[in-house]
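Trainee: I am new to this structure. Could you walk me through it?

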Protein chains: 2
Amino acid sequence: MAKFDVKQEVTDKFSLRGRVFHKLRDDILSGKYAEHEELKEVAIGEELGVSRTPVREAFRQLELEGLIQIIPNKGAYVTGITEKDVRDIYMIRSLLEGLCARWATEHITKEQMEEMEENVYLAKFHADKGHWEQLAELDNRFHDIMYEACDSKMLEHQLKDFHQYVLRVRKKTLNNANRGSKSNEEHEKIMLAIKAGDADLAEKLANEHISNAYENMVKNGLYEAYQK
Amino acid sequence: MAKFDVKQEVTDKFSLRGRVFHKLRDDILSGKYAEHEELKEVAIGEELGVSRTPVREAFRQLELEGLIQIIPNKGAYVTGITEKDVRDIYMIRSLLEGLCARWATEHITKEQMEEMEENVYLAKFHADKGHWEQLAELDNRFHDIMYEACDSKMLEHQLKDFHQYVLRVRKKTLNNANRGSKSNEEHEKIMLAIKAGDADLAEKLANEHISNAYENMVKNGLYEAYQK
DNA sequence: ATCTGCATAATTGTATACAATTATGCAATC
DNA sequence: GATTGCATAATTGTATACAATTATGCAGAT
């Protein structure tokens, strides 16, 4: 009577299609392919040692993830993201993260609260030591905890969708200046607001947290990777 | 030097895969398939007179549209939407429509503004006459105008995504009571706020518009179609 | 030199064959 | 009767062949 697993990831890591999907996604996000570059089915297939069928299916998924665009009978092209797109994404995400923090305040479990506290204190340690790799990992994890804690698969899905875009710019954001520790200080405030049950404050702080991340990114000129 | 068409719909209406995609989407949204019903590749293919290949690709798209869920090596199942999911969707959409109204206030063109006014006044006429079909059509169109007017392909994409879910509940909402004319009165207020350049008011009204639509839906018990 | 028309090549769209996995039914066992 | 094991069927996953569409290059006209 077990219902099918709702937590199932949309992409299967073990099928050929799943491997193609993950490989292409990583390559696009890491910048291996230029924007607007055309992806050929046979070329990708030969590179990975698979036929066109799984490649085509991976293409359909990447299209709806917003990473490529398929034009019928022509080809698949890596999507371009403009400066305005990035700004819009951060503004939308700011709203949604705020709502997520609000709902998390209302629904977080004891275990999730404990992991969130642990995350903040561990991140403080790594920030002091300058361990940017671990810090970035913990930063991602903090947000994932909040997504899970908000107890809404709809909102979680939306926010994780945005993550695909955000990853294209955010990966370098925590390395420079002291955004890393600054970010974690903001996490701590959000965490404390959630712990105190102050949903209004949590929402406001989460809003600002994303806005600040955006401001920091602009200040450091990470836009350069994107077309005007 | 023409760049590829960014406005291109994600699904091609003329390819076999496109036809399968649209057919299945309509059938799912219209309730032809029960929730959690399994969709078999061969059965769908035979019904539409096509092979499994275009069916499989349509499945991958429907999955990312959130209408079905594919479990590797098992099958494709129509997604279930719980009452909580519906509530979450409307709350998220309320936020995003508010942002959309704000941006529309800042970016709407003269032509779009005129179409929006025309939409409202035409809808008033049909509401008086009790033409619910046309009213529903105009209602959808009003929101599409606003999505286009906000001048953000990212936000537009998000809101249209939600539309897939919302269509499953909203289609009957305008038929009963006087929600139809009530909805249009709210459209008019939003339109006037946008025309007056009052972004704060437009945002607030758009927020409330979606909330009201949700409240109305709950009041009329449209939830019954969904699992607990 | 540029443009047009057409033959050819390259690429995507679809159908089908086969492999791998999962579901089903039934007999044997307890 | 319930359960296990296994043979069989049903279904999905992948590869490949062929069709349809689009891109390319070149000859000839202007």
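Mentor: We take the helices, the sheet and the two chains in turn. The model is predicted: local features need pLDDT of at least 70, side-chain atom pairs count only at pLDDT 80 or more, and totals for chains, interfaces and linings use all residues. Residues are numbered from 1 along each chain as its sequence is written, chains are lettered from A and ligands numbered from 1 in the order written, and side-chain values use heavy atoms, without hydrogens and water.

Trainee: At what angle do helix α1 and helix α3 of chain B pack?

Mentor: Helices are DSSP runs of H or I, at least four residues. Here α1 covers residues 16-29 and α3 residues 52-64 of chain B. Their axes lie 8 Å apart, at an angle of about 50°.

Trainee: Why is α1(B) called oblique to α3(B)?

Mentor: Under 35 degrees is roughly parallel, over 145 roughly antiparallel, 65 to 115 roughly perpendicular, and the rest oblique. The angle is about 50°. That makes α1(B) to α3(B) oblique.

Trainee: Which strands of chain B are the edges of the open sheet?

Mentor: Strands are DSSP runs of E, at least two residues, and two of them pair if DSSP finds at least two bridges between them. The order is β1-β3-β2 in chain B, with antiparallel pairing. Pairing on one side only are the edge strands of chain B, β1 (38-39) and β2 (68-71).

Trainee: Which residue of β3(B) is the bridge partner of B:Glu38?

Mentor: β1(B) pairs with β3 (residues 75-78) of chain B over two bridges, antiparallel. The partner of B:Glu38 is B:Tyr77.

Technical notes. Axes are lines fitted to C-alpha atoms, for helices over the stretch in contact, and angles run from 0 to 180 degrees between N-to-C directions.
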